[in-house]
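Open the model in your viewer and keep the sequence panel beside it. The tour below tells you what to select at each stop.

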Amino acid sequence: MSDSVSTILEELKADPAFSRGIARIETIPARDGSYVPFPEDLDPAIASALNSRGIERLYSHQGESWKAVRAGRNIVVVTPTASGKTLCYNLPVLQGLMEDPDARALYLFPTKALSQDQQAELNGIVLSPDIPVKICTYDGDTPASLRISARDSGRIVISNPDMLHSGILPNHPKWIKFFAGLKYIVVDELHSYRGVYGSHVANVFRRLKRIAAFYGAKPSFVLCSATIADPKELAEAVIGEPVDLIDGNGAPLGEKRIVLYNPPLVDPVQGIRKSTAFESRDFALFFLRRGVRTILFAKSRIKTELIASYINDALANIYTDNHRIRVEPYRGGLLPSERRAIEKGLRDGTIRGVVSTNALELGIDIGGLDAAVIAGFPGSFSSFWQQSGRAGRRRTVSLAVLVASSNPLDQYLITHPEYFFSRPSETARIDADNPYIYTDHVKCAAFELPFTEAEAAADENLGGALVYLEENGTVRLSGGRYYWSDRSYPAEAISLRSATADNVVIIDTTRGRHDVIGEMDRPSAKEMVFDNAVYIHRGKQFLVTKLDIANRTCTVEEREVDYFTDAVVKTDIKVLTEDEERRTGTVSVRIGDVLVRSQVAKFKKLRYTTHENIGFGEVDQAEEEMQTRSAVLLFDEGSPAGNFVASLPEAMKGAVLGGLGSLVKRILPVYLLCDPSDIGIAERTRDPHFGCASLYIYDRYPGGTGLAEAVPDCLGRALAAALETIRGCPCDSGCPSCIGAGPAGPKPGSAGVSSAKTAVASLIASALGS
């Protein structure tokens, strides 16, 4: 493959369609491994199973993990993709279970696909009469007939936090034998447990440890993570216990070539570049036509479907069966059978290419892919290295291409390659004591086991939550214990991954059919499958005939249309409290509670191939209300930034603040280690509450997850990067690569356009005090 990659790179550099956009080619050299022999106390049956798979020694980090787990310590293993992290926990766990017939282990993965993948990995070791360890998967796809067997006789139960939360912990009396013997808890892909999801999972682990202690067990934790800045701190925050860090990678690494590519300008005056979707499609086609198995990462479900369709359209040939190249989209919302079929096709080679959301970013075994194309910076460096690591997992020479979008963050990174390759990993944050999240899990815990007054007295947060729940009739105090007193089943109403547990089922009713083809959480459904929206499923277009939020259903019919749809959301904000004031440069930052009202008011129709706007449609929906946390940047008169805003013509203030908001929305997430969709931005030329120009940066989860509180600590660095992005952008008056276009940036020919870009730069400079 080395010659192939070298040849392909030379062809890319010689092809003018690609060469003019290549900003940097970086070579990450191959590295030899560091090995240790099998531990002396490793059971011969396990050693024999490993030998049969061609494994005759361990990597150094696997040996270190063995010693720590065998000593009963909690560990977090932090090594790159495809470095053999699974053996870090499989070997000591299997050894412990063989030594103690009553011992049990719980494996938790963030997705069902990873759970299935791990069962296949374990089966490769234990399919021997000499290793009597029964392995069971217990998730939402497990048939009822197998669930009893998993509970009663499973030695290793593989599941996910969602199933643990809603299916296992509330039914712990059925799991007495398992919990009484629970010795190990394995948590893979720790880096994915951040933000809202991580805050929920930390509370699920509190409940898990409480129930294990009730049955007399005190399990140890083995956690694995991709590279992040603070894996030890994150692990300790998630499980609430001290953890040893193991981060010396002993696995060999294949050579990797990283290409940074900036699409060419098609309108230098307005700064408009060629579409990331089309450019990434062209790279994927370039690789696939040369026999290179390729994965392409897109940033949303709709882009995943669109790019997969574009690739298949380009390959279409009925005489050669699309040149015998099969490409599939892979995203959330597909049915389990569809996901498994795609994963199997990637492993056995019948599928040569896949276009995926970050659903395949995690460590699912999808065979030997050789090239990764990343359509737009994924929002964090840890995600980028995870995605690029999906190519070359077999230690061959591999290639990864980052196709920059017009996003200001992408443009900053593509023009600062030294920063890109030297940037340390980000910090992951959770807020397990978020009052909304914490109270929800106190409800679940009270349902599972009554709380004693002693527990409430020992924990101020718990005591306060129980008093609140008692006042609302959810629990009752009797005989010194708080008992669950509601009729409902609390876990089923609480989603770990979103603000609501409600899922909308998407039903195909074409020509009398009634087939379920997908599902979506309720907030996403209101923005993606509203009436008359275009829904794309595995390359097929469907028109939404009715979104019935009350009954959680969405009916669609297959149609051939030449456009897709994009919702336009309007937002209103009301300040509820001001809790803290901080300063960044010359700007006052207020942190407090806000009420956010949002509503999908209309939608755009965008042409399928050119993405041009060909019309609008109206949407009639009830508004959503959310109380959350916000950091508010105040440009009050008397401050340099406030005086600058006040000096602007009234017609220009909105455009300048909108341009600043556009930059902050795209650049700040990389410093907060969150997805851009985790924060909302709203600008006010004269805020009714504060009486001055302001910029709201709010958390898009009820109650907040700590993002607003973290804004002042990284705002200065984000604003400095934004200023550099503006100054380095070649456009004349603002474009999608700097201050934005449309409402976020002034249009050419309108009042003040010639100085709008300069005005945003001046505003940032005055805010920084530079």
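In which sense do β1 and strand β11 (residues 256–261) pair, and over how many bridges? They pair in the antiparallel sense, over 6 bridges. Strands here are DSSP runs (E, at least two residues), and helices are DSSP runs too (H or I, at least four residues), numbered from the N terminus. Two strands count as paired if DSSP finds at least two bridges between them.

Before going on, note that this is a predicted model, where local features need pLDDT of at least 70, side-chain atom pairs count only at pLDDT 80 or more, and totals for chains, interfaces and linings use all residues. Residues are numbered from 1 along each chain as its sequence is written, and side-chain values use heavy atoms, with hydrogens and water left out.

**Stop 1: the sheet around β11**

Select Ile22 and look across to Tyr261 in β11, which stands opposite. Then select Thr27; Arg257 of β11 stands opposite. Now move to the other pairing of Arg257: Leu399 in β18 stands opposite. Strand β18 covers residues 398–403, and 6 bridges join β11 to β18 in parallel.

Colour β11 by burial. Buried means under 20% relative accessible area, exposed over 50%, and partly exposed in between (1.4 Å probe, protein chains only). Of its 6 residues, 6 are buried, so β11 is largely enclosed by the rest of the structure. Lys256, Ile258 and Leu260 lie on one side, Arg257, Val259 and Tyr261 on the other, and all of them are buried. In a regular strand, side chains alternate between the two faces of the sheet.

Zoom out to the whole sheet. It is open, has 7 strands in the order β1-β11-β18-β17-β14-β16-β15, and its pairing is mixed. The edge strands are β1 (22–28) and β15 (327–330), each pairing on one side only. Neighbouring strands are turned by 15 degrees against each other on average, direction ignored. Axes are lines fitted to C-alpha atoms, for helices over the stretch in contact, and angles run from 0 to 180 degrees between N-to-C directions. Next, show helix α14 (residues 336–348), which packs on this sheet and touches β15 and β16 (353–356). The direction of α14 makes about 135 degrees with that of β15. Contact means heavy atoms within 4.5 Å.

**Stop 2: strand β5**

Select residues 104–108, strand β5: 5 of its 5 residues are buried. Arg104, Leu106 and Leu108 point one way, and Ala105 and Tyr107 the other. Add strand β8 (residues 182–187), which runs parallel to β5 and is joined to it by 5 bridges. Tyr107 stands opposite Val186 there. Add strand β7 (residues 156–159), which pairs with β5 in the parallel sense over 4 bridges. In β7, Ser159 is the bridge partner of Leu108.

**Stop 3: helices α4 and α5**

Is Gln62, in helix α4 (residues 60–70), buried or exposed? Gln62 is buried, with a relative accessible area of 4%. Leaving aside neighbours within four places in sequence, Gln62 contacts Ser83, Gly84, Leu87 and Cys88.

Follow that to helix α5 (residues 85–99), where 12 of the 15 residues are buried. Leu87 and Cys88 are among the buried ones. The expected span of a helix is 1.5 Å times one less than its number of residues. For α5 that gives 21 Å, and its end C-alpha atoms are 22 Å apart, which agrees.

**Stop 4: a second open sheet**

Show the 5 strands in the order β23-β22-β26-β25-β24, an open sheet with mixed pairing. At the edges stand β23 (515–521) and β24 (534–537), each with a single partner strand, so one side of each has no neighbour in the sheet. Neighbouring strands here are turned by 35 degrees against each other on average, direction ignored. Inspect strands β22 (residues 503–508) and β26 (residues 553–558), which run parallel and are joined by 4 bridges. Asp508 stands opposite Val556 in β26. Helix α13 (residues 301–315) packs on the sheet, touching β23 and β24, and its direction makes about 65 degrees with that of β24.

**Stop 5: the nonpolar cores**

A nonpolar core is a set of buried Ala, Val, Leu, Ile, Met, Phe, Trp, Tyr and Cys residues joined through side-chain atoms within 4.5 Å. Of the 75 residues in the largest core, Phe377, Phe635, Leu668, Leu672 and Ile764 touch the most other members. Centre on Phe635: beyond four places in sequence, its contacts include Val587, Leu657, Cys692 and Leu763. A second, separate core of 43 residues includes Leu108, Phe178, Ile211 and Ile228.
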